[in-house]
Amino acid sequence: MKVVVLPGDGIGPEVVDASLPVIDALALPWTLEFGDLGWEYWRTEGNPVPERTWDLISSADAALVGAVTSKPAKEARQELDPRFDPEEFRYVSPVIQLRQRLELFANIRPVSDMRDSRFRFVVVRENTEGLYSGIDFRETPPSLWPHVNGHGNAIASGRERTAVSLRLQTETGIRRILEFASGAYFEPVHGSAPSLTGRQRANPMAMILTIAQMARRYGFREEAQAIETAVRRVVIANREQDLTYDLGGRASTAASARAVIGALT
C-alpha cells in the first residue's frame, strides 16, 4: 500500500515526524512518499498545493495530512512573492482544494474518551457544502443586498462594508453524505498553531489516532486496535513525562509519541 505523507506547516511537520514511527513499530506494509503542501508553497510558487503534489496523490492509495495553515485572501495576496501578479493567482485554502478536487464530501470524526471510556461515537459531516462551499463575498453583491439589508448591522455598515458567505445545500450533497462510501485522506483536525511551531509542545495523539483510522480503513484492524489501546494506556497512566501540556503533562511532542510507541509492545 502506498501512502503519500503531506506534513503541512506550522506544527504539522513535527507532529507527523513524531507519529510516523508508529507505522514501523507495527511493521505495517506501507510505502511512504512525501509531498509538498502549505503556506510556503503559496508564497513561493503561487499555489499551496503544487501540481506535483496532485500527481503524488493520484498515484497513492491514501494520503496522510498534517496540520496546514490557511489565511484570508487579502493576507495571501500581500505575502505572495513579488514575482507573481496577485491578480493572476487566486488563493484557495489547501484543505478546501483537497476536499473539493478529491470530492471528499464525508468528514469522519471519531470521538472517544481515552481515559474513562465514558463515550465513543462518530460524527459524519458533509465536507464540501454548507459554509464549506467557499462562496464568500468581501462586500455584498447588489443582487444579494436585498436579502441582508434588513439586518441592523448591515444597515449601519452599508453594502460595501458588509461581507456575506452563502451556505450551499443540495439534494445531491445531502443524499451522498447519507450513502457515503469515501477514497480518503486522513488528517487530525487540530489547527497548524503557528505560535507553537518548533517548540515541541503539540500533542501528537490525534495524528497517531489518525494513523490508526487509516489502518482500520484499509483492513489492518488489529494494528489499529493496538494503536488505540496504546494511546489509551498512556492517557490512563497519566504520567507527566508522557503527556503534553494540554493534558497536564510536561512531555515534548516527540517524548509523548515515544511513550505511545513504547506502549505498543
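**Exercise 1. A covered helix at the start of the chain**

Six of the eight residues of helix 1 are buried, so helix 1 is largely enclosed by the rest of the structure. The model you are looking at is a predicted one. Your task: find which residues of helix 1 are buried and what covers them.

*Solution.*
Step 1. Go through helix 1, which runs over residues 12–19. The buried residues are Gly12, Glu14, Val15, Val16, Ala18 and Ser19.
Step 2. Now look at the surroundings of these residues. The cover of helix 1 includes strand 1 (2–6), helix 2, helix 10 and helix 12.

**Exercise 2. How two helices pack**

Two packed helices are described by the angle between their axes and the distance between the axes. Your task: describe how helix 1 packs with helix 12, and list the residues that meet.

*Solution.*
Step 1. Take the distance and the angle. The axes of helix 1 and helix 12 (residues 253–263) come within 8 Å, and they cross at roughly 25 degrees.
Step 2. Put a word to the angle. Angles under 35 degrees count as roughly parallel. Helix 1 and helix 12 are therefore roughly parallel to each other.
Step 3. Add the handedness: the crossing of helix 1 with helix 12 is right-handed.
Step 4. List the partners. From helix 1 come Glu14, Val15 and Ala18, and they meet Thr253, Ala254, Ala257 and Ile261 of helix 12. Sorted by class, this contact has five nonpolar residues, one polar and one charged.

**Exercise 3. Helix 12 and one of its serines**

Your task: work out how many residues of helix 12 are buried, then decide whether Ser256 is buried or exposed.

*Solution.*
Step 1. Count along the helix. Eight of the 11 residues of helix 12 are buried, and the helix is mostly covered. The buried ones are Thr253, Ala255, Ser256, Ala257, Ala259, Val260, Ile261 and Ala263.
Step 2. Find what they pack against: helix 1, helix 2 (21–25), helix 10 (205–217) and helix 11 (221–237).
Step 3. Zoom in on Ser256. Its relative accessible area is 0%, and buried means under 20%. Ser256 is therefore buried.
Step 4. Name its contacts. Leaving aside neighbours within four places in sequence, Ser256 touches Pro204, Met205, Asp242, Leu243, Thr244 and Ala251.

**Exercise 4. Two residues to contrast**

Your task: decide for Thr265 and for Asp113 whether each is buried or exposed, and say where each one sits.

*Solution.*
Step 1. Start with Thr265, which is found in the segment after helix 12. Its relative accessible area is 85%, and the cut-off for exposed is over 50%. Thr265 is therefore exposed.
Step 2. Check a distance as well. Between Thr265 and Tyr218 there are 22 Å in space, C-alpha to C-alpha, and the two are 47 residues apart in sequence.
Step 3. Turn to Asp113, in the loop between strand 4 (106–112) and strand 5 (120–126). With a relative accessible area of 7%, Asp113 is buried.
Step 4. See what surrounds Asp113. A polar atom of its side chain lies 3.1 Å from the backbone nitrogen of Arg115. Not counting residues up to four places away in sequence, Asp113 touches Arg118, Phe119 and Arg232.

**Exercise 5. Helix 6 and its partner**

Your task: describe the cover of helix 6 and the packing of helix 4 with helix 6.

*Solution.*
Step 1. Helix 6 (residues 94–101) is mostly covered, with six of its eight residues buried. These are Pro94, Val95, Ile96, Gln97, Leu98 and Arg99.
Step 2. Their cover includes helix 4 (51–59), strand 4, strand 5, strand 6 (130–137) and strand 8 (185–186).
Step 3. Helix 4 and helix 6 have their axes 13 Å apart and pack at an angle of about 40 degrees. That makes helix 4 oblique to helix 6.
Step 4. The crossing of helix 4 with helix 6 is right-handed. Glu51, Trp54 and Ile57 of helix 4 meet Gln97, Leu98 and Arg101 of helix 6. By class, the contact has three nonpolar, one polar and two charged residues.
Step 5. Look just past the end of helix 6: Glu103 takes a positive phi of about 55 degrees there.

**Exercise 6. The whole chain**

Your task: say how many helices and strands the chain has.

*Solution.*
Step 1. The chain has 12 helices and eight strands.
Step 2. For the overall picture, its C-alpha trace spans about 65 × 45 × 40 Å along the principal axes. Of the 265 residues, 44% count as buried.

Note on methods. Residues numbered from 1 in each chain as written. Predicted model: local features only at pLDDT ≥ 70, side-chain atom pairs only at ≥ 80, totals over all residues. Heavy atoms only, no water. Axes fitted to C-alpha atoms, helices over the stretch in contact; angles between N-to-C directions. Helix = DSSP H or I, 4+ residues; strand = E, 2+ residues; numbered from the N terminus. Parallel < 35°, antiparallel > 145°, perpendicular 65-115°, else oblique. Left-handed = near helix turned anticlockwise from the far one by under 90°. Contact = heavy atoms within 4.5 Å. Nonpolar A, V, L, I, M, F, W, Y, C, P; charged D, E, K, R; others polar. Buried < 20%, exposed > 50% of the residue type's maximum accessible area, 1.4 Å probe, protein only. Polar contact = N/O pair within 3.5 Å; in protein donor to acceptor, adjacent residues only side chain to side chain.
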